[in-house]
Amino acid sequence: MEPKDLSDRLRCENRQESLLPEGVRVNVPKVASAHRPQTKPKLGQHFLDSEDAAIRIVDALGDILQSTVLEIGPGRGILTSLLAKRARRLIAVELDRVLAAQLRLKFGMSRNVEVIEADVLTIDFESLFGPKPGLGRPGIEVKPEPVKVVGNLPYYITSDILLRLFAFSKYFDSIVIMVQKEVADRIAAEPGGSDYGILSATAQLNARVENLFTLPPGDFAPPPKVHSSVLRLTIDPQQEKLGVAGDGFIDFLRLSFGQKRKTLWNNLKENYEAASLKRALAEAKVKPTARAETLSLEESAAVYRALRNTQSES
Ligand code: SAM
């Protein structure tokens, strides 16, 4: 049966008790109250259509009763509904204006939920999660509380989203995301396999990666052409431990993996003199004929450190 008015619909859709008194109507723009807007394939809109899968994804965040959670791309709100019931504070960032308006309507009664219409690639994480001016005391460092991130990501920008989250990793504690299966396999790949590459190295430099489970296209509406996997990334930056703090190491990894078929030597020689390269590889005990995808992060870091030393000597 169709719900009679907005307050009924809030009750049905939110599956929570509405705070609106019986029969109270709220004026909302037509666009926000339209029942099912068309999906926008350009925004990667394949909505999760399995309650079981949604529960498994939210469960993968662990206990969030005391946590702030950032949801990327809440869409029609299948994860949002579960998160709203569990999280202390939920910030849901949706780019699609109509979906954002519908979500605001749906969660208008949930005080712990904030829906922001924005692009996750440009939203200002500093002002969302950073220290608030006026709250600190001189001499006392206020550590921001770590935020948990979750999302069935728009697949077309998976790498960009991950890079952005890593750039602000000081604010994040763990990240549970659904991505295209092949991309998940690459992010979680071990060195030596054909899936290992710059995405694996970058992710593993910043986090411990677990590949949790895979879902078929039929669990989404409309179904995508690919399978999807859920990953959990627990933030654990390795840069200090590996002695490669700063931006230079990522640029070095990019160069090392530059052309997949090429050896490390051939990729690196674009930027380094042969004599320095030879010395650095010998010092790091890495063969010039090796390929970047066979090196562990420790080995890549050893080559980078040796090259940095060689260059600062000359
Ligand atoms: N979480 C919902 C679900 O599981 O059904 C929707 C997932 S859908 C794969 C991706 C969502 O991300 C869509 O709602 C889309 O509009 C939104 N989106 C796309 N690009 C975005 C961006 N740059 N910033 C924020 N949200 C974005």
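# Notebook: helix packing, sheet and ligand shell

I began with helix 9 and helix 11 (residues 248-256), whose axes come within 10 Å and cross at roughly 160°. Angles over 145 degrees count as roughly antiparallel, so helix 9 is roughly antiparallel to helix 11. I noted the crossing of helix 9 past helix 11 as right-handed. I then listed the residues that meet: I198, A201 and T202 from helix 9, and I250, L253 and R254 from helix 11. By class, I have four nonpolar, one polar and one charged in this contact of helix 9 with helix 11. This is a predicted model, and I read every entry here as such.

Next I looked at what else helix 9 touches. Helix 9 (residues 198-206) lies across strand 7 and strand 9, and its direction is at about 120° to strand 7.

That led me to the sheet. I found an open sheet of seven strands with mixed pairing, in the order 4-3-2-5-6-9-7. I checked the edges: strand 4 (113-117) and strand 7 (207-215) each have a single partner strand, so one side of each is left without a neighbour in the sheet. I have the twist as 15° on average from one strand to the next.

Within the sheet I looked up the pairing of strand 6 with strand 9. Strand 6 (residues 172-180) and strand 9 (residues 228-235) run antiparallel and are joined by seven bridges. As a point of register, I recorded I177 opposite L231 in strand 9.

Just before strand 9 I checked a proline. P222 sits in the loop between strand 8 (220-221) and strand 9. I read the peptide bond from A221 to P222 as cis, with omega near -10°.

I noted one further backbone entry, at K285. Its phi is near 55°, which is a positive value in a residue other than glycine. I placed K285 in the loop between helix 13 (274-283) and helix 14 (297-313).

I turned to a second helix pair. Helix 3 (residues 51-59) packs with helix 4 at an angle of about 45°, and I have their axes 9 Å apart. At that angle helix 3 is oblique to helix 4. I logged a right-handed crossing for helix 3 past helix 4. On the helix 3 side I listed A54, I55, I57 and V58, which meet I78, L79, L82, L83 and R86 in helix 4. I sorted the contact of helix 3 with helix 4 into eight nonpolar, no polar and one charged residues.

Last I looked at the ligand. I have 24 residues surrounding it, and the closest are L48, G73, G75, N152 and P154. I asked which elements give two or more residues to the shell around the ligand. They are strand 1 (47-48), helix 4 (78-86) and strand 3 (89-94). Helix 4 is thus in my notes twice, as a contributor to the shell and as the packing partner of helix 3. Strand 3 also recurs, between 4 and 2 in the sheet order. I split the shell by class into 14 nonpolar, six polar and four charged residues.

Technical notes: Residues are numbered from 1 along each chain as its sequence is written. This is a predicted model: local features need pLDDT of at least 70, side-chain atom pairs count only at pLDDT 80 or more; totals for chains, interfaces and linings use all residues. Two strands pair if DSSP finds at least two bridges between them. Axes are lines fitted to C-alpha atoms, for helices over the stretch in contact, and angles run from 0 to 180 degrees between N-to-C directions. Two residues are in contact if their C-beta atoms, placed from the backbone, lie within 7 Å. Angles under 35 degrees count as roughly parallel, over 145 as roughly antiparallel, 65 to 115 as roughly perpendicular and the rest as oblique. A crossing is left-handed if the near helix is turned anticlockwise from the far one by less than a right angle, and right-handed if clockwise. Ala, Val, Leu, Ile, Met, Phe, Trp, Tyr, Cys and Pro count as nonpolar, Asp, Glu, Lys and Arg as charged, and the others, Gly among them, as polar. A residue is near a molecule or strand if its C-beta atom, placed from the backbone, lies within 6 Å of it.
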